[in-house]
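The following exercises concern the cysteines of a single structure. Consult the sequence and the coordinates before reading each solution.

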Amino acid sequence: MAVAAGLGLAATAQPAAAATGIKVSGTQILEGNGNPFVMRGVNHAHTWYADRFSSLADIKALGANTVRVVLSTGDRWTRNDAADVSRVIAECKRLRLICVLEAHDTTGYGEDAAATTLAKAVDYWIGIKSALDGQENYVVLNIGNEPYGNTNASGWVADTKNAITRLRAAGFAHALMVDAPNWGQDWQFIMRDNAASVFAADPQRNTIFSIHMYGVFDTAAEITDYVGRFQTAGLPLVIGEFGHNHSDGNPDEDTILATAQARGIGYIGWSWSGNGGGVEYLDMVTGFNPAQLTSWGTRIFNGANGIKATAREATIYGGTTPPTTPPTTPPTTPPTTPPTTPPASGACIATYAVTGSWGTGFQGAVTVKAGSAAIRGWTVTWTWPSGQQFTNSWNATVTTSGSAVTARNMSYNGSLAAGATTTWGFTASYAGTNTAPAVTCAAV
């Protein structure tokens, strides 16, 4: 991720915000009463763990002022209907939490064949509008989680604008939140460089941008540069997901927390409990037990710039003590997991491109494409011709031996259908001529 690449954000003049409900004012998020509100919260996977309804109270008890609630449109997992969403909102209000509701079925669209479109997410919100009407003071509508993977991610711009336009035409007056493409991490800067035009597509000028910070954001420079560009442009940004570790690299959580606090922007950590698939270390508590904080939970709740030290309850609730009576637990709904049967293996090709440069540094992208048959994994190799050296990489495991480079897929981007693509990126330095290498790809 190049900290000096692309100045795509432009300062944006913003009209007066709506009179009621959570709203945007420059880089700030304001409550319906006009007071600034800075999110300090936790993601909770409600759609897979509806039996853990008491987790909302546990999250509040540890100091959070916001909860981001995972919902399903029914396109991928069991649909959360209007009655269930009404129950979630009522519980958030009872606990005096601001409720960010997100549709998770869009995750990785274009790269994950099971993912659905932003248009389908809009259909879902319109279908449960009865649960959302009148809740503008308490609810932010996060249209779709990580709505594009790394395949054809530029489609995010038009799809996001269309989603915003349709929701406003349907009568939604809520603050809207939009996640970045590239699995939420925007390493191609598609959201960053098009944020001003996406914001302008909202007739209410009430859209919040959400970046997810995992392995792409493993240095302080990358974090501060990304956040700073939105603030310079006068556009509202929150860190809608982040962790202390990840399969695609090691995020710099200390800088994420410190930067968010210093610049007055919100953050929502991933996630309360129930993670699987090799990222169980992202659980903040073990087995949904608030008395068993993990190292990640201890860091985000009790550490420097963490939730307990920095969260302030929304003033719309009046600042009184939350109730202590236990919530009603709905019937158990076990989580479901989509099938993960690997495809048969075939051939692949790799394409190398320089996507930005500055001084003696540059950013590159390598696109891996499966051939006429599906593949289970890939390895890309080359030899630097001009003494180039990596400074960072993401979405691949990269090793070097002298000028020889070997890049292997991550666990989440190795399986590609016939003709499908994935992209990984890097930053590097060079001296003299930055000659492109000859790149080869071998399928596993």
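**Exercise 1.** Determine the handedness of the link between Cys348 and Cys441, and locate its two ends in the chain.

*Solution.* In this predicted model, the torsion about the S-S bond of Cys348 and Cys441 is -100°, and the link is left-handed. Cys348 lies in strand S11 (residues 348-358), whereas Cys441 belongs to strand S18 (residues 440-443). With the two positions 93 residues apart, the pair joins distant parts of the chain. The assignment as a disulfide follows from the distance: the sulfur atoms of Cys348 and Cys441 are 2.0 Å apart, and the cut-off is 2.5 Å.

**Exercise 2.** Are Cys348 and Cys441 buried or exposed?

*Solution.* The threshold for a buried residue is under 20% relative accessible area. Cys348 has a value of 9% and is therefore buried. Cys441, at 18%, also counts as buried.

**Exercise 3.** Explain why Cys92 and Cys99 are not assigned a bond.

*Solution.* First, consider the distance from Cys92: the closest cysteine sulfur is that of Cys99, 3.0 Å away. Next, apply the limit: a disulfide requires sulfur atoms within 2.5 Å, so the separation of Cys92 and Cys99 is too great for a bond. Seen from the other side, Cys99 is in no disulfide, and its nearest cysteine sulfur belongs to Cys92. Finally, examine the surroundings: Cys92 is buried, with a relative accessible area of 1%, and Cys99 is likewise buried at 1%.

**Exercise 4.** How many disulfides does the distance rule give?

*Solution.* Applying the rule yields a count of one disulfide, and Cys348 and Cys441 form such a bond.

Technical notes: Residues are numbered from 1 along each chain as its sequence is written. This is a predicted model: local features need pLDDT of at least 70, side-chain atom pairs count only at pLDDT 80 or more; totals for chains, interfaces and linings use all residues. Side-chain values use heavy atoms; hydrogens and water are left out. Helices (H or I, at least four residues) and strands (E, at least two) are DSSP runs, numbered from the N terminus. Buried means under 20% relative accessible area, exposed over 50%, partly exposed in between (1.4 Å probe, protein chains only).
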